Amino acid sequence: MASPASADNHPAVQMAGPEAEEEVLAGLARELADAARTGVPVRSLSKRFPGLSLQDAYRIQRINLEERVSAGARVAGHKIGLTSAAMQEQMGIDEPDSGVVLTSMVAASGARLRSADFMNPRIETEIAFRLGRDLAEASDLATVCSAVGEVLLAFEVLDTVFADWNITLVDSIADNAACAGVITGSPVPFDPAWDLAAEQIRAEADGEMVAAGQGRDILGDPLKALVWLTHRLPVLGTTLRAGDIVLAGSVHASLPLTPGTNFRATSTRLPAIHLRVV
C-alpha cells in the first residue's frame, strides 16, 4: 500500500514495514466502525487515500469483522456484490466484491425494518444459497453445485458509512461490501439440474413493479458467483462452511429503502418475500 496522506484528520504516514501498515489499516477500520456506531458519515477512503489497494480494503473489512466476532457476533454467511451489469454500471465498478453476513443482520420474510436504523439505505433482490457441506478450497462449478443444499430469494439491505454512494470498489469492500441486512425467503431444496439462469424475478413497491431481472443477470448464472467466492475467500484466510447462507448478487440496480413502503419480490419457482419499511 502506498503511504496515504489525508486532509481529513489523518496525517501522512511513512510506512516503515508491515507493523506500521497494519496500524494504519486498523486506524481506518476504527474510523469506519465509529461512523457506523454514531451515524456520522465520513469521506470516502479512496478520495483521501488513493494508494489503498483491494487487499488493504479487505484487510480493513476483516479487522472490523474480527472486532465484532470478539464482541460476540456470529457469522451467518457471505454476500457477493456487484455481480450484475446493472449494479456494476450503477456503481461504476467492473468486478464483484464480497462481505460478511452476521446472524444479527438476518431477518425472515415479513420483517419490519426501521429506516432510521440506517444511514443511507438501499435494497436489492437476490438469489441466495444455503450450503449443505463445506467448500474448503477454490472449487469448480460441479463441486459448488454438489455443496449447495437450498436456494431461496432474499432482499439485501445496502448501507454505507460514507457521505454518499459516490464510492469506489475499495470503499465498498472496506465497508463490508455495503451489506447492512438480509431478509430471507423460504428455502427450497436445490436440484443441480435446475436452470437458475432462467429464473425470472420481479420486485414491487406498494404493488407496483419497480425492477425485474433474471438469474443470468448474475455473472450469467448465480452459481458462477458462488464459484467466484470459493476462489476469493481462501485468499482472505477463510472458507465456506455447511449452513452458511450466500447471497449471489442482485438481479437489478439497487433501489432506495423508502419509509412507509412495502417491498415484495416474486420468482418463477422460489417462494415470494416481502418487507415493510417503517
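The expected span of a helix is 1.5 Å times one less than its number of residues. In this predicted model, helix H3, covering residues 54-70, has 17 residues and reaches 24 Å from its first C-alpha to its last, close to the 24 Å expected at 1.5 Å a residue.

**Helix H3**

Several residues of H3 are buried: Asp-56, Ala-57, Tyr-58, Ile-60, Gln-61, Ile-63, Asn-64 and Leu-65. Just after this helix, Gly-72 adopts a positive phi of about 115°. H3 also contributes to two pockets: at least two of its residues line the largest pocket, and 7 of its residues line the second largest pocket.

**Nonpolar cores**

The largest nonpolar core contains 45 residues, and the members that touch the most others are Phe-129, Val-151 and Leu-275. At least two core residues are supplied by each of the following elements: strand S5 (122-131), helix H5 (141-147), strand S6 (148-158), strand S9 (200-205), helix H7 (222-235), strand S11 (245-250), strand S13 (262-267) and strand S14 (273-277). Helix H7 provides the largest share of this core, with 6 residues.

When neighbours within four places in sequence are left aside, the contacts of Phe-129 include Val-148, Glu-150, Val-151 and Leu-152. Phe-129 is also in contact with Leu-196, Pro-222, Leu-223 and Leu-226, and further with Asp-244, Ile-245, Val-246 and Ala-248. A second core, separate from the largest, has 25 residues, among them Leu-28, Val-42, Leu-82 and Trp-165.

**Pockets and cavity**

The table gives the class composition of the three linings.

| Space | Nonpolar | Polar | Charged |
|---|---|---|---|
| Largest pocket | 19 residues | 7 residues | 5 residues |
| Second largest pocket | 7 residues | 6 residues | 5 residues |
| Largest cavity | 5 residues | 2 residues | 3 residues |

The largest pocket has a volume of about 780 Å³. Its lining comprises 31 residues, and those nearest the centre are Ala-36, Arg-68, Met-105, Cys-179 and Ala-180. Helix H1 (18-38), helix H3, strand S2 (97-102), strand S3 (106-108) and strand S7 (179-184) each give at least two residues to this lining. Strand S7 gives the most, with 5 residues.

The second largest pocket holds about 290 Å³ of space. Of the 18 residues that line this pocket, Gln-55, Tyr-58, Arg-59, Val-235 and Leu-236 lie nearest its centre. Two or more lining residues come from each of H1, H3, S2 and H7, and H3 gives the most. Tyr-58 thus appears in two settings: Tyr-58 is one of the buried residues of H3, and Tyr-58 is also among the residues nearest the centre of the second largest pocket.

The structure holds 1 cavity of 30 Å³ or more, and the volume of the largest cavity is about 30 Å³. The residues lining the largest cavity are Ile-123, Glu-124, Thr-125, Phe-155, Ala-203, Glu-204, His-252, Leu-255, Phe-263 and Arg-264. Strands S5, S9 and S13 each supply at least two of these residues, and S5 accounts for the largest share, 3 residues. Strands S5, S9 and S13 are also among the elements that each supply at least two residues of the largest nonpolar core.

Notes
Residues numbered from 1 in each chain as written. Predicted model: local features only at pLDDT ≥ 70, side-chain atom pairs only at ≥ 80, totals over all residues. Heavy atoms only, no water. Helix = DSSP H or I, 4+ residues; strand = E, 2+ residues; numbered from the N terminus. Buried < 20%, exposed > 50% of the residue type's maximum accessible area, 1.4 Å probe, protein only. Core = buried A, V, L, I, M, F, W, Y, C linked by side-chain atoms within 4.5 Å. Contact = heavy atoms within 4.5 Å. 1 Å grid on protein atoms, 1.4 Å probe; cavity = no way out; pocket = protein on both sides within 12 Å on 5 of 7 lines; lining within 4 Å. Points joined across faces, edges and corners; volume = space filled by probe spheres on them. Nonpolar A, V, L, I, M, F, W, Y, C, P; charged D, E, K, R; others polar.
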